[in-house]
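Welcome, and do keep the viewer open while you read. Let us take a walk around the bound ligands and the protein parts beside them.

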Amino acid sequence: MPKHNADIAAVFEEIADLLEIQGANPFRIRAYRNAARILSELSQEVSRMLEKGEDLTELPGIGDDLAGKIKEIVSSGHCSLLDRLHAELPPAITELLKIPGLGPKRVKALYHDLDVQTIEQLHRAARDGRIRELPGFGEKTESNILQAIEVHANQAQRFKLAVAAQYAEALEKFLAAIPGVARVTVAGSYRRMRETVGDLDIVAAASVSSPVVQRFTSYDEVTEILSAGSTRASVILKCGLQVDLRVVKEECYGAALHYFTGSKAHNIAIRRMAQQSGLKINEYGVFRNDTRIAGETEGSVYAAVGLSYIPPELRENRGEIAVAKAGRLPRLVEQSDLRGDLHVHTKATDGHNSLREMAQAGLANGFEYLAITEHSRRLAFAHGLDPLRLARQCDEIDQLNAELKGITLLKSIEVDILEDGSLDLPDSVLARLDMVVGAVHSNFNLSRAKQTQRILRAMQHPYFTLLAHPSGRLIQRRAPYDADMLQIIREAKNRGCFLELNAHPERLDLLDTQCQMAKEEGVLISINSDAHSVYDFANLRFGVGQARRGWLEKYDVLNTRPLKELRRLISRTMS
Ligand code: DGT
Ligand code: CA
Ligand code: CA
């Protein structure tokens, strides 16, 4: 029975929510939240680790207690702590936390004083004007809640790409093993590597007699069958993700794949082109009059309209068709092009592994270099480094480099950019480093002018090399801070600095369109993992996907350079 990391993470999130509503110890709550975050970002399935007899306490943030709970969930499908909490509190109560403005304290009050247990009951209580009577609520809060419920109702849930990947990959494998199935691809926004996906669209080529639809609807994670016919079905998985399956004959596979990969805007533009040359395109093929002239492969579909193959990540109708027509499609960067990673933490701050372990993992990933970029002292909660500890780490790196073969550690720091644009460590300390990565971790709400000036000032610093997670957004959690990215990119160009594309599944920052902007301005992008453990290099694939959506080619990416060339690029001549 498959139990994905995201499912286990959801159990821990729910435990944390329920404990919070009960007013439990904050440390206990945080432990569950941390574990949930770690699990949902982990690149390998913990159920597989258990099968192989691996020790889960090796994972960051997972102690004996949590490891025991994971085992319990994987082996029994249940968690006794969650069952107990469900017995103590109404089952749907955590739904209330999804309404902006409702934290655990308010949910608790609504439950105790008004017996509100569901969103419907909350809606009724708000409409009846009962909420304003509660201490600490008031009329304004009540009307905010009412508004939020209405917005919430119209908002379909989207899944982060890395979370969707856990379900998509397992389903792809499951379907591929069904008799009569020749090919399976998860298409749609997932294949285009969008940062979030609304649902999964799977295209399968199968024989007429294949039981693929019936097996699909009885997949053990399916909780609801929306529709099922002989060549298509739609289901909802337990996690809430919708999956649409379309089954076609092998000769139509390319046409169907093209159709269901989208985007819709791209498809419409291609179809219009086809019409102009007297062709008809649909999910079964490309037709002249009623004769099929293409459709077995996607390449044949593009060729029929006189284009070369357009990679899925570009299919957003953002100019890719014109470029294809002119024969100037970019050769997009690939993960195998990366020669190193310029944003890596160790357990000296908030990472989980030692310098040596990270170096070995980097080597196993085929890397030539890693920049070690701990937090600086301002980030006290992450045990940020002060000058003395940084100097000690530099010594350690020198020693390790003398011993390591095949990989070089670069001395660096993820130095905090303070509110006025100065850096959190003195020049004398930064001078010893191979490169300086700067990042904003506070004061997200400055005005556009101030935020922009702050970052420009940081980049004007003689030792500044690379701006980490430049927009500051967290997917679905925090909007980008307000800053003029074009001006920042142009300053990077002037100063010989670089921008990061942070591949962390919560970040994917730079955004795709900003990558395009940087490319046009001639600023190189570094695709970095922001690794906090040896497992995190696996996240680079999502960063590469985002880079490809941003039209980046190998030579637009800083860390495709061999070490020698990289050194030349990062050793700035001070102006
Ligand atoms: P999502 O699921 O919201 O993240 O985004 P998509 O792009 O996966 O969209 P979805 O699931 O609604 O549809 C999957 C693909 O099917 C879409 O990318 C293109 C194709 N498609 C859907 N509706 C239409 C349509 O009305 N016309 C055309 N040409 N293609 C469509
Ligand atoms: Ca979709
Ligand atoms: Ca769909």
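The report below goes through the metal sites, then the ligand shell, then one helix.

Please keep in mind that this is a predicted model.

**The two calcium ions**

Start with the calcium ion (ligand 2). Its protein donors are Asp 199, through both O and OD, and Asp 201, through OD, at 2.1 to 2.7 Å from the ion. Six donor atoms sit around this ion, and because the angles they subtend run from 69 to 162 degrees, the arrangement is irregular. An octahedral site would need opposite donors over 155 degrees apart and all others between 65 and 115.

Next comes the calcium ion (ligand 3). Here the coordinating atoms are two entries for Asp 199 (OD), together with Asp 201 (OD) and Asp 244 (OD), at 2.2 to 2.9 Å. Along the sequence, the donor residues of ligand 3 follow the spacing D-x1-D-x42-D. Asp 201 belongs to strand 4 and Asp 244 to strand 7 (residues 242-248), so this pair ties together parts that are 43 residues apart in sequence.

The two ions share a ligating residue: Asp 199 bridges ligand 2 and ligand 3, which lie 3.9 Å apart. As for Asp 201, it is buried, with a relative accessible area of 16%; the cut-off for buried is under 20%.

**Around ligand 1**

Ligand 1 is surrounded by 16 residues, and the closest are Arg 158, Ser 189, Gly 198, Asp 199 and Arg 271. By class, this shell has three nonpolar, seven polar and six charged residues. Three side chains with an N or O atom beside an oxygen atom of ligand 1 are listed here.

| Side chain | Distance to an oxygen atom of ligand 1 |
|---|---|
| Arg 158 | 2.8 Å |
| Arg 192 | 2.9 Å |
| Asp 201 | 3.0 Å |

On its own, ligand 1 has 600 Å² of accessible area, and the protein covers 73% of that. Elements giving two or more residues to the shell are helix 10 (188-191), strand 4 (199-206), helix 12 (253-261) and helix 13 (264-276).

**A look at helix 12**

Which residues of helix 12 are buried? They are Tyr 253, Gly 254, Ala 255, Ala 256, Leu 257, His 258 and Thr 261. With seven of its nine residues buried, helix 12 is largely enclosed by the rest of the structure. Just after this helix, Gly 262 takes a positive phi of about 70 degrees.

Technical notes. Residues numbered from 1 in each chain as written. Chains lettered and ligands numbered in written order. Predicted model: local features only at pLDDT ≥ 70, side-chain atom pairs only at ≥ 80, totals over all residues. Heavy atoms only, no water. Donors = N, O, S within 2.8 Å, 3.2 Å for Na, K, Ca; no water. Tetrahedral: all angles 85-135°; square planar, octahedral: opposite > 155°, others 65-115°. Buried < 20%, exposed > 50% of the residue type's maximum accessible area, 1.4 Å probe, protein only. Near = heavy atom within 4 Å. Polar contact = N/O pair within 3.5 Å; in protein donor to acceptor, adjacent residues only side chain to side chain. Areas by Shrake-Rupley, 256 points an atom, 1.4 Å probe, with all protein chains shown as cover. Helix = DSSP H or I, 4+ residues; strand = E, 2+ residues; numbered from the N terminus. Nonpolar A, V, L, I, M, F, W, Y, C, P; charged D, E, K, R; others polar.
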